[in-house]
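This report describes the organisation of a protein chain, from single backbone positions to its nonpolar cores and internal spaces. The sequence and the structure are shown first.

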Amino acid sequence: ALVQNVAIDVRARFGIDQAALCLASVGSLIQRKRPLLAIEALSKSPSVHLIFIGGGELEETARQHARDLGCFERVHFTGETSEVGSWLRGGIDAVVAPSSEEALPLGVIEALGIGLPIIGSDIGPHKELIGSFPDALLFATDNADDFAARIRDLTKWPVDRLSAQSSRPQAVYARKTYSLEAYCNAFDALYCELTENAKSQQ
C-alpha cells in the first residue's frame, strides 16, 4: 500500500549537483532487475546520476561494472532499506525500471503513487501499468542503447515536468488503485458481496 514518508535529501547525501538529472532504480539488485543494464545505459548518458534504492547479491558486481564503464562517480547505492518512499521523495527526478520480467512491479507502483516520471522496459506489466501515461517512457527490453535514448529524451524535458508531482494522472490512478484506502474499500466490497451471496442462498 502507498503511504506518506519523510523525504531523504538524496542530493545532499550523495553530493549530487542540483542541476544534474537524478534517476533511481527501486528493488533488489538481482539479475532479472537488470542493474548492470541500467549502469550500461547510464554510461552512455553524461552528467546523469543513478541511485540504486535497495541491496542484493549483485551490488558488488554493479559497483565494479560502474568502475569498468567509467561512471562509478555517478552511481550510488543506498543498500537494503525500508524507506523507499523517503528516498523517492528526496530529489529524484525519475525512476528507471529495466527488469526483464515482473509479476507485480512494486517499485513502479510506488513511483506512480508519488508521481514520478518512469522509464521502463517494455515488458507486459510495465505496458499495463504505465503505457498510457504521458510521463512514462518505454524502451526495448535488454537494449541498453534504446534505454539510453529514453534517458536522453528525459534530459530534454523542462524542469517542471520532472520530480515527484502528486497531481500527475498516474499518481491519481495509483492512489485510487493501490493505496491502503483502496485495498480496504476493495476488501469491504468483497465482504459485502460474499455476505449478500450467502444470504441469497439461505
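Ser 47 counts as exposed because its relative accessibility is 55%, which lies over the 50% cut-off. In this predicted model, Ser 47 belongs to the loop that joins α2 to β2. Its phi is near 75°, a positive value in a residue other than glycine. Most residues other than glycine have a negative phi.

Arg 34 shares the feature of a positive phi, here near 55°, and is likewise not a glycine. Its place is the loop between β1 (22-26) and α2. Arg 34 counts as buried, because its relative accessibility of 18% is under the 20% cut-off. Arg 34 also appears among the residues that line the second largest cavity.

A third loop position is Ala 140, located between β6 and α7. At 27% relative accessibility, Ala 140 counts as partly exposed. Beyond its neighbours within four places in sequence, Ala 140 is in contact with Asp 122 and Asp 146. Its C-alpha atom is separated by 8.8 Å from that of Gly 120, a residue 20 positions away along the chain.

**Overall architecture**

The chain contains nine helices and six strands. Of its 202 residues, 49% are buried. Among contacts with a separation of 6 or more, 70% are made by residues 24 or more positions apart.

**Nonpolar cores**

In soluble globular proteins, nonpolar side chains tend to be buried together. Here the largest nonpolar core comprises 29 residues, and those with the most contacts inside it are Leu 23, Phe 52, Val 75, Ile 119, Phe 147, Ile 151 and Leu 154. Two or more residues of this core come from each of α2 (35-43), β2 (49-53), α3 (59-68), β3 (75-77), β4 (94-97), β6 (136-139) and α7 (144-155). Apart from it lies another core, of 26 residues, which includes Ala 20, Ile 92, Val 108 and Ala 136.

Which residues does Leu 23 contact, leaving aside its neighbours within four places in sequence? They are Val 48, His 49, Leu 50, Ile 51, Ile 92, Ala 94, Val 96, Ile 151 and Leu 154. Two of these partners, Ile 151 and Leu 154, are themselves listed with the most contacts inside the largest core.

**Helix α3**

The buried residues of α3 are Glu 59, Ala 62 and Ala 66. They lie on the same side of α3, because they cover an arc of only 60° around the axis. These buried residues pack against α2 and β3. On the face turned away from the buried side, α3 carries the exposed residues Glu 60 and Asp 68. Just after this helix, Gly 70 takes a positive phi of about 75°.

**Pockets and cavities**

The principal spaces are listed below with their volumes and the classes of their lining residues.

| Space | Volume | Lining by class |
|---|---|---|
| Largest pocket | about 300 Å³ | six nonpolar, nine polar, four charged residues |
| Second largest pocket | about 200 Å³ | nine nonpolar, three polar, two charged residues |
| Largest cavity | about 110 Å³ | eight nonpolar, four polar, two charged residues |
| Second largest cavity | about 30 Å³ | four nonpolar, three polar, two charged residues |

The largest pocket is lined by 19 residues, with Val 26, Gly 27, Ile 53, Thr 81 and Val 84 nearest its centre. Two elements, α4 (84-88) and α5 (106-114), give two or more residues to this lining. Which element gives the most to the lining of the largest pocket? It is α5, with three residues.

The second largest pocket has 14 lining residues, and Ala 19, Ala 20, Leu 21, Val 159 and Leu 162 are nearest its centre.

There are two cavities of 30 Å³ or more. The largest cavity is also lined by 14 residues, of which Val 26, Lys 33, Val 96, Ala 97 and Val 108 lie nearest its centre. At least two residues of this lining are supplied by each of β1, β4 and α5. The second largest cavity is lined by Ser 25, Val 26, Gly 27, Ser 28, Leu 29, Lys 33, Arg 34, Pro 35 and Phe 52. Of these, Phe 52 is also listed with the most contacts inside the largest nonpolar core.

Conventions:
Residues numbered from 1 in each chain as written. Predicted model: local features only at pLDDT ≥ 70, side-chain atom pairs only at ≥ 80, totals over all residues. Heavy atoms only, no water. Core = buried A, V, L, I, M, F, W, Y, C linked by side-chain atoms within 4.5 Å. Buried < 20%, exposed > 50% of the residue type's maximum accessible area, 1.4 Å probe, protein only. Helix = DSSP H or I, 4+ residues; strand = E, 2+ residues; numbered from the N terminus. Contact = heavy atoms within 4.5 Å. 1 Å grid on protein atoms, 1.4 Å probe; cavity = no way out; pocket = protein on both sides within 12 Å on 5 of 7 lines; lining within 4 Å. Points joined across faces, edges and corners; volume = space filled by probe spheres on them. Nonpolar A, V, L, I, M, F, W, Y, C, P; charged D, E, K, R; others polar. Arc of directions from axis to C-beta.
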